[in-house]
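Trainee: I should like to learn how to read a protein structure step by step. May we work through one example together?

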Amino acid sequence: MTATLTTPPQTTDDAPSPKPKQKVPLKHRLNRFDVKASPYLYIAPFFVLFGLVGLFPLGYTFVVSLNKWNLLTGPAGFVGLDNYVAELTDPFFWNSLFNTISIFLLSAIPQLVIAVVIAAVLDQNIRAKTFWRMSVLIPYVVTPVAVTLIFSSAFDEKYGLINNLLTAFHLDPVMWKTETFPSHIAIATMVNWRWTGYNALILLAAMQAVPRDIYESAALDGAGPIRRFFSMTLPSIRPTMIFVIITATVGGLQIFTEPKLFNPTTATPGGPQRQYQTTVLYLWDLAFNRQNFGKASAVAWLLFLIIVLFGVLNFLISRRIASGEARASKRSTARRLARINEQRNSIPVAASEPAETVAAPRAQPDDSPTQEHRS
């Protein structure tokens, strides 16, 4: 026989009565909403402005680049990617791109190297720190137009200061505004003079955030100043270094004011032979001199893609260099620790035991008589 056991039905009297839902006060609900929503409300104005002045012009420029668009008459028909194809086969576009990359390399590399050196010097314990730190920022305060006018006079081919100094030392004058490479050097000098101090202060702020006890420990281990700088300082400021490199890349590839005002007497922007016409200057010439907004927008989008490409390459290279320095430092530290452990293990144990025996204090029982009680 089998028996089936069934649980007796519960009566309504034994079932637990549901707890009454407590009403959350309005003050607590407002506090909870404030904690969750306030961060988004605080950062919302930036994204709203970025969408209005950043994303919308970018999307609108892409739409214009797909059309035949005149500055005065407006859109004149959809042409697709014809503007991009026309610019990629235009020798003036490649000439402007060559000039831009040449000026960028001549300005960005020396600028960053000198900025790192200046930041390292200002990070030392020197007198009048504030004076020197404020002094390196003075060129950044001067407007680009004033800088260009001053350097344009200094690099003048007939009456400029630079050629007068070269002639005084019996050297041939340089055609700063006629030849390609000298004109690139002159424009890169303006960029370096204005932006080196600004980048140096950013790197200095990162260097001062590195803990000082790390330098003291490295100095006790025998690391010199140069070794500490390359093995500890540069890896520690890697994020700031990447930021400076990216901003220098974006600014260097968008250079406009310096080549535009370097020789204002020429009718063609960028020199009579376009020897220092940058891509932004070529874009400006297409839009406002030739009144072809479609091709100018296509050049703007091509420049945007080139800047993104250069930014990603610089980010990967700088991160790899800094990671290599960090790995080399870790390997050096590991070898040093291994050498110290080997030296400790090579000490004979028998020689160390008497020292431990002598150094160990002799324990006295609590009930042992004291010296006075013995006497």
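The dialogue below takes up the features of this structure in turn.

Mentor: Please keep in mind from the outset that this is a predicted model.

Trainee: What does the secondary structure of the protein chain come to?

Mentor: The protein chain has 16 helices and two strands. Of its 375 residues, 32% count as buried. The accessible surface is about 25,300 Å², and 66% of that belongs to carbon and sulfur atoms.

Trainee: How many of the contacts in the protein chain with a separation of 6 or more join residues 24 or more positions apart?

Mentor: Such pairs account for 69% of those contacts.

Trainee: How do the two strands pair, in the parallel or the antiparallel sense?

Mentor: Strand β1 (residues 67–70) and strand β2 (residues 74–78) pair in the antiparallel sense, over three bridges. They form a hairpin, with three residues between them. One bridge can be located by name: N67 has F78 of β2 as its partner.

Trainee: Which residues of β1 lie on the covered face, and which on the uncovered one?

Mentor: N67 and W69 make up the covered face, while K68 and N70 make up the uncovered face.

Trainee: Let us turn to the interior. Which residues of the largest nonpolar core touch the most other members?

Mentor: A nonpolar core is a set of buried nonpolar residues joined through their side-chain atoms. In this structure the largest one has 23 residues, and V116, L203, M207, I237 and M241 touch the most other members. The elements that give two or more residues to this core are α3, α8, α9 (212–220), α10 and α11 (238–253). Helix α3 gives the most, with six residues.

Trainee: With which residues is I237 in contact, leaving aside its neighbours within four places in sequence?

Mentor: I237 is in contact with L203, A206, M207 and V210. M207 is also touched by T233, together with Y215 and R228, again not counting residues up to four places away in sequence. T233 lies in helix α10 (residues 225–236). T233 counts as buried because its relative accessibility is 6%, and the cut-off for that class is under 20%.

Trainee: Which residues form a nonpolar patch on the surface?

Mentor: The patch consists of Y40, L41, Y42, I43, F46, F47, F50 and L55, and together these residues have about 970 Å² of accessible area. F47, one of them, is placed in helix α1 (residues 26–65).

Trainee: How should one read a salt bridge?

Mentor: Side chains of opposite charge can pair when their charged atoms come close. This structure holds four salt bridges. In one of them, the side chains of R212 and D123 meet at 2.9 Å, N to O. This pair links distant parts of the chain, with R212 in helix α9 and D123 in the loop between α3 and α4, 89 residues apart.

Trainee: Is D123 buried or exposed?

Mentor: D123 is buried, because its relative accessible area is 14%. R212, at 38%, is partly exposed.

Trainee: What is the partner of D156 in a salt bridge?

Mentor: D156 forms a salt bridge with K177, and their closest N and O atoms are 3.9 Å apart. D156 lies in the loop between α6 (144–154) and α7, and K177 in the loop between α7 and α8, so the pair ties together parts that are 21 residues apart in sequence. K177 is buried, with a relative accessible area of 10%, whereas D156 is partly exposed at 25% relative accessibility.

Trainee: Which residues do salt bridges that share partners join into one network?

Mentor: D285 forms a salt bridge with R290, the closest N and O atoms being 3.7 Å apart. Shared partners join R274, D285 and R290 into one network. D285 counts as buried, at 5% relative accessibility, and R290 as partly exposed, at 38%.

Trainee: Finally, what should one look for in the backbone angles?

Mentor: Most residues other than glycine have a negative phi. In this model, A128 has a positive phi of about 55 degrees although it is not a glycine. A128 lies in the loop between α3 (91–122) and α4 (129–135), and counts as partly exposed at 47% relative accessibility. H170, also not a glycine, has a positive phi near 60 degrees. H170 is placed in the loop between α7 (161–168) and α8 (180–208), and counts as exposed at 75% relative accessibility.

Definitions and conventions:
Residues are numbered from 1 along each chain as its sequence is written. This is a predicted model: local features need pLDDT of at least 70, side-chain atom pairs count only at pLDDT 80 or more; totals for chains, interfaces and linings use all residues. Side-chain values use heavy atoms; hydrogens and water are left out. Helices (H or I, at least four residues) and strands (E, at least two) are DSSP runs, numbered from the N terminus. Buried means under 20% relative accessible area, exposed over 50%, partly exposed in between (1.4 Å probe, protein chains only). Contact means heavy atoms within 4.5 Å. Patches are made of residues with over 30% relative accessible area and no salt bridge: like charges are joined within 9 Å, nonpolar side chains (Val, Leu, Ile, Met, Phe, Trp, Tyr) within 5 Å. Accessible areas come from the Shrake-Rupley method with a 1.4 Å probe; for residues, only the protein chains shown count as cover. Two strands pair if DSSP finds at least two bridges between them. A nonpolar core is a set of buried Ala, Val, Leu, Ile, Met, Phe, Trp, Tyr and Cys residues joined through side-chain atoms within 4.5 Å.
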